[in-house]
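Biologist: I have a model open on my screen and would like to understand the labels it carries. Could you take me through the reasoning behind them?

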Amino acid sequence: MMNKVKQRKSYGKRQVSLFLAIALLAGLLPLGTGTKSRAAEHSLRNPRILKTTQEIPPESAGKKELKNPTTDSSGITTWDCIWFGNYWQEDTNGDGKADKNDTKTPIKWRVLSVEGDDVFLVADKNLDCQKYNDTKTDVTWETCTMRSWLNGYGAGANKEGKDYSGTGFLDNAFTSEEREAIKTTNVVNNDNPEYGTEGGNDTSDKVYLLSIEEVTNPVYGFTSSTDGTATRVAVNTAYTAAGGEIGSGYMGSAGSAAYWWLRLPGSSSSLASNVYNNGNVDGYGYDVNNNDYAVRPALHLNLKASSDAISASSWSYAGTVPSDDVAAWDCVWFGNYWQEDTNGDGKADKSDTKTPIKWRVLSVKGDDAFLVADKNLDCQKYNVTSEDVTWETCTMRSWLNGYGAGANKEGKDYSGTGFLDNAFTSGEREAIKTTNVLNNNNQEYGTEGGNNTTDQVYLLSLDEVMNPAYGFTSSTNSTATRVAVNTAYTAAGGEIGSEYMGSAGSANVWWLRSPGSLSYIASDVAYSGIVSRAGSYVHGYFNATRPALHFNLSSISSWSYAGTVTSDGKVEETGAPKPTVTPSPEPGSTQKPQVTSEPGTTSQPGNTEKPSAAPTVTPSPESGNNQKPQVTSEPGMTSQPGSIRKVADLKLKPKKGTVTASWKKTAGAKGYQICYSTSSKWKNKKQKLVSKNKVVIKKLKKRKTYYFRVRAYRLEGKKKVYGSWSGTKKIKIKK
């Protein structure tokens with residue numbers, strides 16, 4: 001282990017380099033020694049995936065003693081899995097669409113419990129898209145069309161009189177022998193625990209949906225709370241993504257998480273409970289005839305059916321599935337930055353001493369190490385105003401690299417004052433490689449990424465944060481592999497003094513360099529690790545900065561091994577070296593900077609070029625974000641979510657054709673705009689401006705379901721600048 005090398009003057013570095021060159025040529029030093037030996041000594045490694053899906057192919061046809069789900073100390077559940085039955089899932093004929101013209105493929109099931117010869121299973125993925133009931137009417141699990149379709153019941157079994165005899169899921173997914181091995185279960189249909197809606201009679205079924213009680217049962221591997229969790233996230237097959245049984249045009253892409261039905265009623269008998277695409281349990285429910293929810297069947301299987309032929313062929317072991325991948329990264333100390341409250345004044349700011357920066361190693365190729373900051377190091381806008389920008393022209397790029405006014409659209413000069421200058425000594429800056437940064441288009445929205453650039457410091461892209469080679473999961477879904485927490489300096493507002501950052505040590509949204517859904521929106525990573533291709537407004541001050549760079553391991557710059565971190569929270573840290581860089585002066589300070597540039601020089605960006613490579617990752621819709629960003633506004637108003645906090649805790653109380661809506665006060669808000677409609681797509685919506693965080697909406701129609709949302713605004717002169725819409729709440733007017 002080497003201590004960090006103290007900063008040297010240019011002359012001293014040239015002398016050391018000259019000495020090494022002469023010594024090597026003269027044979028005084030063997031090749032591979034000197035500073036380069038540190039890389040070999042610590043054997044920096046590429047990221048490792050410690051826990052991920054371990055799949056045994058169906059053709060192996062092996063059996064194994066099945067285990068109940070296990071949950072480790074980090075909260076990650078692992079399920080045993082089996083292959084049982086076959087269903088339409090993939091595009092097997094190569095016509096570009098997964099439908100009933102394709103060959104059925106084996107169904108993978110997660111083992112929720114094992115009791116003797118009885119195994120309780122739930123589908124590993126969302127196997128189909130189907131309405132809970134064909135029409136919007138009051139139903140229970142007993143009388144809905146979903147139950148009839150899953151089990152192949154006749155017309156008398158459901159309220160709609162629909163006949164699924166021989167055409168339902170049970171008949172299409174299993175052979176007659178396999179159907180015999182599926183146990184008939186006494187399905188308990190409890191009332192909705194929160195709203196008291198009647199669950200109806202218990203039923204006897206072979207195939208059914210899980211209940212709220214079951215999806216919050218830790219015995220089955222789920223978390224006991226109803227909050228979002230990876231333990232309940234389920235992704236679509238290609239067949240489900242293409243619309244499945246009902247040909248829905250509203251399902252997410254294959255491999256992306258989707259909403260899936262539960263069997264319990266919602267807040268009324270015309271609504272059914274469900275699980276969100278982020279794993280949140282929705283007890284309020286959604287319209288039973290909604291056509292964009294997936295089906296994740298459950299059943300009990302007899303492991304030792306009466307027939308030897310059945311027991312020998314009906315199922316095989318499929319391996320294991322964790323609720324989230326677990327990755328491990330080697331780390332290094334390199335550079336110093338404001339991070340902690342070192343002077344004890346109660347705030348982490350630029351009056352504190354800089355401390356060593358910890359970086360995760362994303363890849364090692366020879367002497368090149370690709371790094372990303374272990375934590376969110378600062379808070380900075382992607383661009384200082386709401387403008388159409390690319391990575392090439394935004395102020396974030398200029399600030400990170402210390403570029404002059406000509407490098408960004410705003411004409412902001414960061415020469416000598418950006419992140420690069422403040423975080424690294426001149427010797428360390430020489431060790432950071434200039435990288436050809438590819439700025440690909442946003443594949444989902446078609447937003448142009450602009451010219452490629454050459455930079456020393458930059459942000460990761462959409463493709464990079466979904467690259468398993470760097471330790472990330474390949475989907476856009478929530479995952480701890482992408483979660484990053486704030487330093488105390490970032491939590492205190494960082495470079496721009498934002499008042500809206502999470503606390504020190506808490507996860508925060510962090511910027512990506514790729515464009516979002518529009519040219520004045522940039523993509524980002526959410527608190528839970530969800531990748532948002534839609535993104536946030538470029539001038540928003542809620543997002544953190546997590547820089548990335550390439551540097552030369554064999555340079556004489558100061559770096560040292562920092563241990564390892566894993567995505568499930570385990571840290572093995574090698575003590576940080578003592579800081580060698582004092583804080584740079586703030587504007588107006590009489591203190592001289594410790595590191596200065598050569599007289600008359602400024603740091604300029606490298607040349608730009610047109611993109612030369614297309615993205616290698618096919619996009620998926622981001623979890624938890626079904627709505628496009630609000631980008632239009634009423635006359636005389638500007639709509640700029642990100643300029644003020646999102647409204648929280650919207651509550652609705654109905655009473656005789658009225659609804660009282662209330663929510664938490666939003667810091668800095670001048671007023672609020674409430675929006676309501678009978679359409680979940682906000683058709684024929686009505687909007688109202690109010691000054692308080694409470695309003696009564698009158699003259700609402702009986703027996704109609706209304707959707708509500710609200711957003712705060714502040715004033716810029718006479719213009720209203722809006723924040724993001726709150727989450728949508730819905731309520732049925734009964735009287």
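The conversation below goes through the labels one by one.

Modeller: Gladly! Keep in mind that this is a predicted model. The chain has 12 helices and 39 strands, and 54% of its 735 residues count as buried.

Biologist: Why is Cys144 called buried?

Modeller: Buried means under 20% relative accessible area. Cys144 has a relative accessible area of 0%, so Cys144 is buried. Cys331 also has 0%, and therefore gets the label buried.

Biologist: How do you know how many disulfides there are?

Modeller: A disulfide needs a pair of cysteine sulfur atoms within 2.5 Å. The search of the whole structure finds 0 disulfides, so no pair of cysteine sulfur atoms meets that cut-off.

Biologist: Fair enough. What makes Gly243 buried, and where does Gly243 lie?

Modeller: Gly243 lies in the loop between helix 7 (238-241) and strand 12 (260-265). Its relative accessible area is 0%, and the label needs a value under 20%, so Gly243 is buried. Not counting residues up to four places away in sequence, Gly243 touches Cys129, Ser248 and Met251. The C-alpha atoms of Gly243 and Asp128 are separated by 7.6 Å, although these residues are 115 apart along the chain.

Biologist: And which residues have the most contacts inside the largest nonpolar core?

Modeller: Those are Trp109, Phe169, Leu210 and Leu301, in a core of 70 residues. Leaving aside neighbours within four places in sequence, Trp109 is in contact with residues including Ile82, Phe84, Leu121, Phe169, Phe174 and Leu299. Apart from this core lies another, of 65 residues, among them Trp359, Trp391, Ile432 and Met501. In soluble globular proteins, nonpolar side chains tend to be buried together.

Biologist: Trp391 caught my eye. What lines the second largest cavity?

Modeller: Trp391 is part of that lining, along with residues including Tyr382, Val389, Glu448, Arg513 and Ile521. The elements giving two or more residues to the lining are strand 25 (510-515) and strand 26 (521-525). Strand 25 gives the largest share, 3 residues. By class, the lining has 6 nonpolar, 4 polar and 2 charged residues.

Biologist: What makes this space a cavity, and what is its volume?

Modeller: A cavity is a set of points where a 1.4 Å probe fits but cannot get out. The second largest one has a volume of about 50 Å³. Counting takes in cavities of 30 Å³ or more, and the total comes to 4.

Technical notes:
Residues are numbered from 1 along each chain as its sequence is written. This is a predicted model: local features need pLDDT of at least 70, side-chain atom pairs count only at pLDDT 80 or more; totals for chains, interfaces and linings use all residues. Side-chain values use heavy atoms; hydrogens and water are left out. Buried means under 20% relative accessible area, exposed over 50%, partly exposed in between (1.4 Å probe, protein chains only). A nonpolar core is a set of buried Ala, Val, Leu, Ile, Met, Phe, Trp, Tyr and Cys residues joined through side-chain atoms within 4.5 Å. Contact means heavy atoms within 4.5 Å. On a 1 Å grid over the protein atoms alone, a cavity is a set of points where a 1.4 Å probe fits but cannot get out, and a pocket is an open set with protein on both sides within 12 Å along at least five of seven lines; lining residues have an atom within 4 Å of a point. Grid points are joined across faces, edges and corners, and a volume is the space filled by probe spheres set on the points. Helices (H or I, at least four residues) and strands (E, at least two) are DSSP runs, numbered from the N terminus. Ala, Val, Leu, Ile, Met, Phe, Trp, Tyr, Cys and Pro count as nonpolar, Asp, Glu, Lys and Arg as charged, and the others, Gly among them, as polar.
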